[in-house]
Amino acid sequence: MIEVGDLAKHFRVHRRDPGLRASMRSLIRRDHVTVRAVEQVSFTIGEGEVVGFLGPNGAGKTTTLKCLTGLLHPTSGEVRVLGHIPQRREPAFLRRISLVMGQRNSLFWDLPAADAFEVNRAMYGLAEGPYHSALDELVHLLDLEPLLAKQVRVLSLGERMRCELAAALLHRPDVLLLDEPTLGLDVNGQAAIRAFVREYTDRNGATVLLTSHYMGDVTALASRVLVIDGGTLRFDGDLAALVEAHSPHRLLRITLREPVPVSTWVDFGTVTEIDGAMVTLQVPRAETAAVAARLLAALTVDDVGIEDPPVEDIIRAVFTHA
Ligand SMILES: Nc1ncnc2c1ncn2[C@@H]1O[C@H](COP(=O)(O)OP(=O)(O)OP(=O)(O)O)[C@@H](O)[C@H]1O
């Protein structure tokens with residue numbers, strides 16, 4: 001469905017030092033540098049997969065997504081999406097994909113949302129029947145009824161994102177590329193978009209590649225992740241495997257009947273939080289079960305839970321080691 005082999009995308013950019021002298025000099029001589037935004041990246045994504053694409057700022061995520069849609073031409077390497085070479089931008093290809101960018105507005109600003117959707121209908125040449133059935137489904141799933149008559153320019157960010165998603169899905173694309181779809185939204189707004197994407201993909205089986213700085217988006221939607229840093233792919237696999245490979249520790253959350261002296265914990269692990277009788281201990285992953293058993297035998301435990309550290313911490317560790 002999506003096949004990427006040794007993809008590289010380099011940008012040649014004009015370099016100018018700050019200051020007036022440098023400005024004057026650049027009028028005569030222009031220095032250029034090459035930005036290696038993406039370097040030898042390979043992966044394949046199968047039909048119906050929902051994959052998270054993670055990386056710090058400037059890692060190369062958006063550049064990769066733009067290569068997948070044909071908005072950017074690769075410097076080298078192979079990209080095939082739905083059997084098409086994206087940079088050819090063939091109508092048969094464009095009718096089957098969608099790219100939604102959280103920080104970009106693609107809807108006509110001055111039109112009511114309903115008319116902005118009509119523009120997309122015309123653009124994609126959708127027949128009345130399929131258009132209305134897709135629109136009805138999206139209006140229902142995204143709760144758009146109260147927004148249809150409002151001008152796009154007056155919508156809140158969360159409302160606009162819901163409309164952006166609807167507009168992007170009216171032609172029922174097989175491949176959906178989501179670049180920071182929850183950027184800047186509050187917790188409710190993020191939850192609404194996540195719930196929608198999950199429901200939509202369950203119903204329609206679309207293939208999704210999703211970038212987000214909110215780990216909640218990725219943990220809620222994707223079981224597989226690609227991690228990119230400095231333009232290079234660092235990890236491709238299950239989120240659970242990433243956690244296991246990069247987190248040598250697990251957390252034991254213990255509630256005791258009564259508090260005990262802090263020195264008690266030295267025998268069991270490293271205390272990361274303590275609040276009276278509630279303690280969080282960090283223990284080596286391989287020893288988790290044995291430590292839990294020793295704790296239960298030695299102390300009066302009301303409750304004990306075993307958790308992995310927050311995925312954010314693990315991703316940070318991946319980037320730090322990279
Ligand atoms: N048109 C361009 N011209 C020059 N450099 C570019 C261009 N587009 C991207 N870059 C550079 O390529 C690198 C990767 O950028 P990209 O936008 O793909 O990163 P990203 O992972 O999406 O980051 P973020 O999470 O901040 O959106 C960055 O160093 C960026 O400055």
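**Note on the ligand shell, the sheets and the two domains**

1. The shell around the ligand is mixed by class: five nonpolar, six polar and one charged residues. This is a predicted model. The residues around the ligand include Phe 11, Val 13, Val 35 and Ala 37. Also among them are Gly 55, Asn 57, Gly 58, Ala 59 and Gly 60. Lys 61, Thr 62 and Thr 63 belong to the list as well.

2. Which elements supply the shell around the ligand? At least two residues each come from strand E1 (2-15), strand E2 (31-45) and helix H2 (61-69). H2 gives the most, with three residues.

3. Confidence first, before the folds are discussed further. The chain has a mean pLDDT of 89. Of its residues, 99% reach 70 or more. For the complex, the predictor gives an ipTM of 0.96 and a pTM of 0.81.

4. E1 and E2 return in an open sheet of three strands. The order is E2-E1-E4, and the pairing is antiparallel. E2 and strand E4 (76-81) stand at the edges, each with a single partner strand, so one side of each lacks a neighbour in the sheet. On average, neighbouring strands here are turned by 30° against each other, direction ignored.

5. Now the pairing of E1 with E4. The two strands run antiparallel and are joined by five bridges. One pair can be picked out by name: Gly 5 has Glu 78 in E4 as its bridge partner. Helix H2 packs on this sheet and touches E1, E2 and E4. The direction of H2 makes about 115° with that of E1. Thus H2 appears twice in this note: on the sheet, and in the shell around the ligand, with three residues.

6. How is the chain divided? Domain 1 covers 2-243 and domain 2 covers 248-321. Their C-alpha centres lie 39 Å apart. In the contact between them, 10 residues of domain 1 meet seven residues of domain 2.

7. The side of domain 1 that touches domain 2 draws at least two residues from each of four elements: helix H8 (215-221), strand E8 (224-229), strand E9 (232-238) and helix H9 (239-246). By class, that side has seven nonpolar, one polar and two charged residues.

8. A second open sheet deserves its own point. Four strands make it up, in the order E11-E12-E10-E13, with antiparallel pairing. Which strands stand at its edges? They are strand E11 (270-275) and strand E13 (301-307), and each pairs on one side only. Neighbouring strands of this sheet are turned by 20° against each other on average, direction ignored.

9. The pairings of the four-stranded sheet can be followed along its order. E11 and strand E12 (residues 278-284) run antiparallel and are joined by five bridges. Ile 274 stands opposite Val 279 in E12. E12 also pairs with E10, in the antiparallel sense, over seven bridges. There, Thr 255 has Met 278 in E12 as its bridge partner. E10 and E13 pair over six bridges, again in the antiparallel sense. The bridge partner of Arg 253 in E13 is Gly 305.

10. What lies across this sheet's strands? Helix H10 (residues 288-298) lies across strand E10 (249-256), E12 and E13. H10 runs at about 175° to E13.

11. One point for reading either sheet in the model. In a regular strand the side chains alternate between the two faces of the sheet.

Note on methods: Residues numbered from 1 in each chain as written. Predicted model: local features only at pLDDT ≥ 70, side-chain atom pairs only at ≥ 80, totals over all residues. pLDDT = per-residue confidence, 0-100. Pairing = 2+ DSSP bridges. Axes fitted to C-alpha atoms, helices over the stretch in contact; angles between N-to-C directions. Contact = placed C-beta atoms within 7 Å. Near = placed C-beta within 6 Å. Nonpolar A, V, L, I, M, F, W, Y, C, P; charged D, E, K, R; others polar. Domains from an automatic or database assignment.
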